Each structure stands twice: as C-alpha cells, then as structure tokens.
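Me: I would like a close look at the aromatic contacts in the structure below. Please treat them in one connected account.

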Amino acid sequence: MSLSLIPGQKLIAATHNPGKAREISALLDDRFEVIPAGELGLPEPPETEVSFIGNAILKARHAAMKAGMAALADDSGLSIAALDGDPGVYSARWAGPYKDFDRAIEVIEHKLRLAKEAKGDGYTTRAFFTCALAVAWPEGHACVFEGRVDGDIVFPKRGDKGFGYDPIFRPDGHDMTFAEMDPEAKDAISHRHLAFEQLRKALF
C-alpha cells in the first residue's frame with residue numbers, strides 16, 4: 001500500500017487531550033480533519049512500551065484499528081538530567097489519571113530540591129523534551145519520526161499558554177518558557193515541530 005496522507009482526509013489523533021489535538025492539527029497546517037480519539041469514545045491503551053517510539057506506535061495502531069482509518073499518535077515527555085532522565089516515558093503518568101500537571105510539577109520541584117542537595121556541584125538544570133510521532137493505518141502499517149529540543153528547568157513555573165510541563169521548560173536560545181510563548185512561536189521550535197517536519201517530508 002502507499003503510505004501517504006491525502007489533504008482533507010479524516011485523521012484520528014490518538015489522544016484524549018483537547019489541547020494536544022489542537023496543536024497536532026496546527027502542526028499539520030490544518031490540512032486534515034483531525035478527530036480526537038476521545039470524541040469517538042476510543043479507550044486509551046496501556047502504554048506498556050519502554051521507549052517513546054514504542055508507545056507512539058502502540059497508540060497509533062490501536063486507534064487506527066479501532067476507528068478503521070489512519071491515526072496519528074505522539075508519545076512525548078520531559079527528561080531531566082538531575083533526575084536521571086525522569087519522568088521520561090512516564091511523563092503523563094506522573095500527572096495521574098486526571099492529568100494534574102500542576103501536581104506533577106510540584107513533585108518535580110520537590111525531587112529537584114533533593115537532587116540539588118545530593119549532587120552539590122554536580123547538579124544541573126538541563127533537560128530535554130522528546131516527541132516520537134507515529135502514523136498508522138488500519139492494516140497495521142506504521143511510520144515513526146522523532147524530534148528533540150534541549151533546554152533548562154526553571155522555577156517558579158512561568159506562563160499559562162501551554163500545557164503539561166511547558167511552564168517549567170525554557171528552550172535553549174530563549175528567555176521564555178514554552179508556556180510564555182505564543183503558540184505559533186512554540187510550534188516553530190518545539191520537539192513536535194521537529195518530528196512533524198520529518199512527517200511532512202515523508203508522507204505529504
């Protein structure tokens with residue numbers, strides 16, 4: 001089969017997060033009718049893989065087979081050097097079943113205080129966001145792409161324009177956190193943008 005996406009076609013966004021679905025639509029230049037999986041009542045599969053790529057493929061294939069049409073999923077997360085890469089692939093799970101990222105950010109702040117005390121001069125604020133992006137078709141075929149953006153963790157949290165861990169992540173070369181940036185500015189440099197650029201080149 002031809003692995004391509006046709007402008008105007010329906011595309012399932014394998015997410016129950018409305019903010020993420022809107023961001024995905026914008027990153028696809030609004031070329032498709034993006035339908036969040038939550039609107040169709042599709043359940044979220046357990047994320048049992050140990051990598052961003054593995055979880056992205058798992059979620060995309062699950063949505064594609066359940067809906068009977070092409071589906072797109074991303075698995076993204078924040079990896080913090082001082083926490084030995086945590087929360088990493090567990091970024092969403094740190095927010096709990098109700099996606100309480102304010103609480104997750106409080107946990108990170110607490111853990112970083114402990115890490116700073118333990119590591120002393122070895123403490124660092126370095127972190128990076130990763131986005132693994134998978135497109136799957138009902139027949140089981142899938143393509144995957146990955147983007148990464150490096151930066152630093154900042155406290156107190158700043159901004160209210162993003163979601164998730166955006167208020168505590170300041171990308172390299174910028175004075176603002178992701179949550180302080182206008183959506184267009186963030187989209188131009190984000191880990192999702194880098195992954196979507198690869199998708200465009202491969203599938204459009």
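Is Phe129 buried or exposed, and what is its relative accessible area? Please continue from there to the aromatic rings and their partners.

Reply: In this predicted model, Phe129 has a relative accessible area of 5%. That value lies under 20%, the limit for a buried residue, and Phe129 is therefore classed as buried. Its ring pairs with that of Phe169: the two centres are 4.8 Å apart and the planes stand at 70°. Since an angle over 60 degrees counts as edge-to-face, the pair of Phe129 and Phe169 is therefore edge-to-face. Phe169 is likewise buried, with a relative accessible area of 0%. The contact joins distant parts of the chain, as Phe129 belongs to strand 4 (residues 126-136) and Phe169 to strand 6, 40 residues apart. Phe178 completes the picture here, forming one aromatic cluster with Phe129 and Phe169.

A search of the whole structure yields 4 aromatic pairs. One of them brings together Phe101 and Tyr165, with ring centres 5.1 Å apart and planes at 90°, so this pair is also edge-to-face. Here too distant parts of the chain are linked: Phe101 lies in helix 4 (residues 101-119), whereas Tyr165 lies in the loop between strand 5 (142-153) and strand 6 (169-171), 64 residues away. Both Phe101 and Tyr165 are buried.

Charged groups also meet aromatic rings. The charged end of Arg148 is placed over the ring of Phe128, at 3.6 Å from the ring centre. Over the ring of Phe163 sits the charged end of Lys186, 4.8 Å from the centre of that ring.

Methods
Residues numbered from 1 in each chain as written. Predicted model: local features only at pLDDT ≥ 70, side-chain atom pairs only at ≥ 80, totals over all residues. Heavy atoms only, no water. Phe/Tyr/Trp six-rings, centres within 6.5 Å; stacked < 30°, edge-to-face > 60°. Helix = DSSP H or I, 4+ residues; strand = E, 2+ residues; numbered from the N terminus. Buried < 20%, exposed > 50% of the residue type's maximum accessible area, 1.4 Å probe, protein only. Lys NZ or Arg CZ within 6 Å of the ring centre and 35° of its normal.
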